[in-house]
Amino acid sequence: MTTVIREGWTTFKSIFTGMGVTIRHFFKPAVTELYPEEKVELPKGARAKLYVNIDDCIGCNLCARACPVNCIDIETVMATSDVDLGKTSTGNPKRFWLTQFDIDMAKCMYCDLCTFPCPTDCIYMVPEYEYSEFDRTNLVYHFSDLTPEKVDEVKEKAEKEAEEKKKERERKMKEKKAKAKDKAKSKPKPKPKPKQPDNKKDDEES
Amino acid sequence: MIESYGNINPVLAVLIHALIPLTIILVYALVAIWGERKVAGFIQDRLGPHRVGGWHGWAQSIADLLKLIQKEDIVPKDASRFLFKFAPFMMFAASYAAFAVLPFSSWYIGSMIDIGVFYLIAITSVLTLSVIMAGWASNNKWSLLGGMRSAAQLVSYEVPTIATVLTVIVVSGSLNLMTVTEMQSGNDILGFLPNWFIFQNPFLIIAFGIFFISILVESHRVPFDLPESESELVAGYQTEYSGMRWAMFMLAEYADMLLLSLLGVTLFFGGWNSPFGSFMSGPAWGFFWFLLKGFMLVFVMMWIRWTLPRYRVDQLMHICWGILIPATFVNLILVALWEVVF
């Protein structure tokens with residue numbers, strides 16, 4: 001009998017305790033976030049999406065080399081001597097045209113390894129996470145700000161300059177050789193040592 | 001009463017008379033289903049439905065109703081077709097018919113019969129019959145188990161329910177609910193408390209506690225929702241039902257909740273009487289007070305639903321047969337003694 005009464009008392013007590021808990025929660029504000037309308041602020045350092053500040057990029061290719069899944073694709077073209085690409089905001093001189101800077105976010109595994117080697121801190125994660133696409137190819141983000149025409153122009157220029165430089169170098173080489181020959185003529189000196197390898201090469205070629 | 005409608009067509013008068021509780025039930029069911037979901041949400045620190053209709057999602061039940069109307073009406077191949085289709089309507093008819101003897105205000109009662117409580121208890125038993133009917137006709141093991149549990153529940157709760165009603169009848173001396181309500185008018189206890197039965201006799205407080213537990217069992221509310229316990233029996237007797245037939249079950253369940261709450265209000269909390277004596281009392285205020293008190297009891301039922309876990313069948317049997325019935329009869333004797341002495 002006493003156990004029945006004691007158990008009954010504890011039962012009633014626990015029921016009313018429980019109801020007290022629920023009514024307190026009834027008047028508490030809800031913890032729901034109305035997601036599409038209200039967004040939660042992401043914590044600092046959240047890895048959501050890669051972004052490249054292309055104005056600061058010097059085309060050093062370090063990020064692409066750090067990437068474990070090869071999702072960064074960079075193509076650079078040496079700037080010709082007549083253009084000055086300026087400096088980055090960190091003071092590094094820019095020497096390359098970035099004809100291509102693609103990041104495939106479908107491949108990216110959000111390891112954040114690419115952001116640390118960057119000397120100008122121009123590649124970093126931004127807290128933006130709503131970028132789902134119906135087509136996987138749309139997840140490849142093109143950060144290069146050059147138009148295709150500009151890219152062609154730049155490439156042509158660079159090739160021309162490279163050729164000119166090559167010619168220049170050859171010309172200089174020739175001049176050097178000529179000078180050397182002149183010197184050799186003015187100061188007759190037996191040159192057994194350089195001749196011998198030349199002969200050898202000739203022999204090998206023939 | 002019908003005579004007071006004057007010289008309009010008697011058939012029309014009866015129709016109008018009968019449609020008042022129906023309107024109340026239908027509007028209440030829409031509000032209560034939405035309200036229950038809101039209560040559940042708030043208790044669990046959520047928001048509940050809040051999209052449809054703008055203000056706190058008030059139109060959610062209407063949207064649900066539209067969805068249910070459009071759903072396909074499926075009858076299982078091996079089901080007993082007639083009983084399967086008939087059960088939900090019988091269930092709602094039973095709980096709707098019981099509203100006839102509830103005095104909504106001093107001006108309105110569906111039927112002024114002298115055996116009001118007796119009629120109400122008799123007609124609500126049909127509810128269980130329709131649950132068993134639905135469970136058997138579905139030809140589904142879950143449904144059948146739900147129906148059988150409902151029968152087991154019936155034999156458990158009927159005795160304490162009737163015995164607690166009897167305690168009130170001992171005090172009032174009348175089975176007519178209108179008379180019972182009229183006896184509770186006035187504010188005489190301790191100079192300010194209303195003359196409600198719950199304040200008149202300390203043992204009637206215990207009686208109300210037992211009555212409340214048994215109406216929780218009777219209306220299949222959560223600590224005792226064994227016939228439809230979704231974690232054990234899929235949905236119990238509702239498993240095979242879809243669309244509007246299922247909605248009828250839902251409607252009947254909520255109507256039953258309101259019916260039993262209103263019965264409790266009539267028996268213990270003064271029915272349509274205002275708690276402030278003659279202040280804010282009258283036929284129209286009677287409707288207001290009666291339904292407000294009923295809704296408060298319904299809210300407590302919802303509150304309990306989102307607080308307590310479900311009992312097992314044997315635990316329910318133990319509570320009803322082992323604790324409630326002896327307690328009720330002891331209490332009945334004590335109430336009678338109190339009435340004799342004071």
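**Exercise 1. The end of H4(B).** Which residue follows H4(B), and what is the sign of its phi?

*Solution.* H4(B) is followed by B:Asn139. Its phi is positive, near 55°. The model is predicted.

**Exercise 2. The span of H4.** Work out what span helix H4 (residues 116-137) of chain B should have, and compare it with its end C-alpha atoms.

*Solution.* Step one: the helix has 22 residues. Step two: take 1.5 Å times one less than the number of residues. Step three: the expected span is 32 Å. Step four: the end C-alpha atoms are 32 Å apart, so the two values agree.

**Exercise 3. A link across the sequence.** Find the salt bridge partner of A:Glu128 and place both residues.

*Solution.* The partner is A:Lys49, with the closest N and O atoms 3.3 Å apart. A:Glu128 sits in the loop between strands E4 (123-126) and E5 (140-142) of chain A, and A:Lys49 in strand E1 (residues 49-52), so the pair ties together parts 79 residues apart in sequence.

Now classify each by accessibility. A:Lys49 has 11% relative accessibility, so it counts as buried. A:Glu128 has 37%, so it counts as partly exposed.

**Exercise 4. A bridge within a helix.** Describe the pair A:Arg171 and A:Glu175.

*Solution.* Start with distance: the closest N and O atoms are 3.2 Å apart, in a salt bridge. Next, location: both residues lie in helix H3 (residues 148-186) of chain A, four residues apart, about one turn. Then exposure: A:Arg171, at 42% relative accessibility, counts as partly exposed. A:Glu175, at 42%, also counts as partly exposed. Finally, widen the view: a network of salt bridges links A:Glu168, A:Arg171 and A:Glu175.

Conventions
Residues numbered from 1 in each chain as written. Chains lettered and ligands numbered in written order. Predicted model: local features only at pLDDT ≥ 70, side-chain atom pairs only at ≥ 80, totals over all residues. Heavy atoms only, no water. Helix = DSSP H or I, 4+ residues; strand = E, 2+ residues; numbered from the N terminus. Salt bridge = Lys/Arg side-chain N within 4 Å of Asp/Glu carboxyl O. Buried < 20%, exposed > 50% of the residue type's maximum accessible area, 1.4 Å probe, protein only.
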